[in-house]
Amino acid sequence: MSERETAARQGDQASGVWPVERLRPLIEALLFAAGDPLPAKKIVEFIEGSTIEEVRATLTELATEYLTRGIRLIEVAGGWQLRTAPEHQRYVRKLFRERPQRLTRAATETIAIIAYKQPVTRQEIETVRGVDTGGVLESLVERRLAKVIGRKDVPGRPLVYATTQEFLELFGLRNLRELPTLPELGSEFESMSEQGGFSETEDAPILPLEDDDAAQSESSHAGAVAGRQDSDATQETDD
Amino acid sequence: MATPAYTVRLDAFEGPLDLLLHLVRSNELDIYHLPIAQITDQYVAYINMFEELNLDIAGEYLLMAASLMYMKSRLLLPRDDDDDDEEVADLVRQLADYQRYREAADVLRDRLLLDRDVFRRQPTAPEGEIEEAPLRRLDQADLFEALRRVLARAAARRPHSVSREEFSVRDVVRSMVSRLKAAGRLEFQELFAEDAPRGLVIATFLGLLEMVKNGVIAAEQQGRFGAIWLRLLDEDVDETVADLTEMYGPRSAAELEEAAGLVAPIGDDARAADEDPGWQE
């Protein structure tokens, strides 16, 4: 574990107040109590004198330790979270009376389109799917897997949708960059293809929601709408 | 919004593209060299079968049938050269694109899904320790979703009645702040009395949005579907509140709803509202 030692030494130089044997159980306790994904940065804030390097090294080490346990420590939605190991799924499920809410095929298709094409309008989604998507979209917003992030600056100023933290959590993704690569169009097709996952940017700017919109005068982060497009990705990539 | 007439579900397929993709796959066809005549015949055969089975078919299916038949008919006509048929190319592109997202969706579905394959702890924050609990700061879009639920409940409870009661955002904000000062924190639902008129709900919500926007009040949520808690960010808020409330006067419920964008202004487009903010000097 030379990585660990290097990090610890760096930590020592920075502050050096936390010996490994205390940091590890402490971080474990925080993760257990938090439940939600806990960003490494947040952990550094909680533990006075700790450094991001030693916290990250400890998290990685803990994750390795958990590989042989019934609980896993995984990196998800910009943070670290304890989750049950997948092999116990059948038994753990018995704890809960309610069946897990199934994602329909329409919902999965739609959220996939949003994930890869965001920010995206309903019209753009329907162009891909070839069917009315209003109801599906509404239920995705209700389940908080998608949300409205603004309006597109084209006639009619349609709402634009993006994925949420909850989307990342549901599918166990660290960030949007971790989305599986979208299958390529056939090679015969490259000349025609105008779409390529993230590289595809619709030229019309995305407007923040305005006061006359859904009363969502987009507050302090109004100016950051462009940046919010992939905020889920950039927010807490690994810290 | 979804037009109910279109929602009749043909459960087996998600739409005409899905059906086409099914035909491509079951016949092991090359999507990039789509035999239009063959696929059209099969597609139409399916549609006829649906009709025989008395399934209500969404308009999109019929539209696709029509354009397939048009493409097929064009292929029967003599052509000057082997110019690629524009419509066919468009269809192939659409189908190939749809297929990519279908595959992406399959990959997503096969991941270890939370609450299906893997489970997390549901945190229970100790009472009174709210600041230390893992709260997620909400933005206005989140609050809006919460309002939608409040309004939906209210609508279900009360018969519609037309009233011109006047509610002042100013008063609502003042009472909100004093309640928060007294209680420390309030749950979102507590802001809205069970039998509050719609206009009052709207006024309260608008006031809350302003306060959140100006950093006077923080709205935070515990977990994904937990309660939404409101608290004052700063004890000394009187001045900000005075400034804020000056912007609003007493306004009717209808005006407020329009301002909030909860109803579309009649015979008017959003642009006009844009140019004339009216209540927000």
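Select helix α1 of chain B in this predicted model: its buried residues pack against α7 of chain A, and also against α2 (36-52), α3 (59-76) and α4 (86-109) of chain B. To display the residues concerned, pick Pro16(B), Leu17(B), Asp18(B), Leu19(B) and Leu20(B), which are the buried residues of this helix, itself spanning residues 16-26.

**From α1(B) into the loop that follows**

Continue along chain B to Glu28(B), which follows α1(B) and lies in the loop between α1 and α2 of chain B. What is the sign of phi at Glu28(B)? The phi of Glu28(B) is positive, at about 50°, although the residue is not a glycine. Most residues other than glycine have a negative phi. With 6 other C-beta atoms within 10 Å, Glu28(B) is exposed.

Next select Asp115(B), in the loop between α4 and β1 (135-137) of chain B. Asp115(B) is likewise a residue other than glycine with a positive phi, here near 70°. Is Asp115(B) exposed or partly exposed? The count is 17 other C-beta atoms within 10 Å, so Asp115(B) is partly exposed: it falls between the limit of 12 or fewer for exposed residues and that of 20 or more for buried ones.

**Chain B as a whole**

Zoom out to display chain B in full. The chain contains 10 helices and 6 strands, and 30% of its 281 residues count as buried. Where contacts link residues at least 6 apart in the sequence of chain B, 72% of them join residues at least 24 apart.

Colour chain B by pLDDT. The mean is 74, and 68% of the residues reach 70 or more. Which helix has the lowest confidence in chain B, and which has the highest? Confidence is lowest in helix α10(B), residues 270-275, at a mean of 38, and highest in α4(B), at 91. Two stretches of chain B deserve a separate selection. Residues 1-8 of chain B have a pLDDT below 50, and beyond near neighbours in sequence this stretch has 11 contacts in the model. Residues 128-133 of chain B are also below 50, with 5 contacts beyond near neighbours in sequence.

**Across to chain A: the α6/α7 pair**

Helix α7 of chain A has already appeared as a partner of the buried residues of α1(B). Select α7(A), residues 122-129, together with α6(A), residues 105-117: the two helices pack at an angle of about 120°, with their axes 10 Å apart. Angles of 65 to 115 degrees count as roughly perpendicular and those over 145 as roughly antiparallel, and α6(A) and α7(A) are therefore oblique to each other. The crossing of α6(A) past α7(A) is right-handed. To show the contact, select Glu109(A), Thr110(A), Ile113(A), Ile114(A) and Lys117(A) on α6(A), and Glu124(A), Ile125(A), Val128(A) and Arg129(A) on α7(A). By class, the residues of this contact comprise 4 nonpolar, 1 polar and 4 charged.

Now move to the peptide bond between Gln118(A) and Pro119(A). This bond is cis, with omega about 0°. Most peptide bonds are trans. Pro119(A) is situated in the loop between α6 and β3 (120-121) of chain A.

**A buried position in α2(A)**

Select Ile27(A), in helix α2 (residues 20-34) of chain A. Is Ile27(A) buried or exposed? Ile27(A) is buried, because 25 other C-beta atoms lie within 10 Å and the cut-off is 20 or more. Which residues does Ile27(A) touch, leaving aside those up to four places away in sequence? They are Ile43(A), Val55(A), Thr58(A), Leu59(A) and Leu62(A). For one of these, Thr58(A), a distance can be displayed: Ile27(A) and Thr58(A) are 31 residues apart in sequence and 8.0 Å apart in space, C-alpha to C-alpha.

**Chain A as a whole**

Display chain A in full. The chain has 11 helices and 6 strands, and of its 239 residues 42% count as buried. For contacts in chain A between residues at least 6 apart in sequence, 60% join residues at least 24 apart.

Colour chain A by pLDDT to finish. The average is 78, with 72% of the residues scoring at least 70. Residues 190-201 of chain A are below 50, and this stretch has 9 contacts beyond near neighbours in sequence. Residues 212-239 of chain A also stay under 50, and for them the model has 62 contacts beyond four places in sequence. For the complex, the predictor gives an ipTM of 0.72 and a pTM of 0.60.

How values were computed
Residues numbered from 1 in each chain as written. Chains lettered and ligands numbered in written order. Predicted model: local features only at pLDDT ≥ 70, side-chain atom pairs only at ≥ 80, totals over all residues. Helix = DSSP H or I, 4+ residues; strand = E, 2+ residues; numbered from the N terminus. Contact = placed C-beta atoms within 7 Å. pLDDT = per-residue confidence, 0-100. Axes fitted to C-alpha atoms, helices over the stretch in contact; angles between N-to-C directions. Parallel < 35°, antiparallel > 145°, perpendicular 65-115°, else oblique. Left-handed = near helix turned anticlockwise from the far one by under 90°. Nonpolar A, V, L, I, M, F, W, Y, C, P; charged D, E, K, R; others polar.
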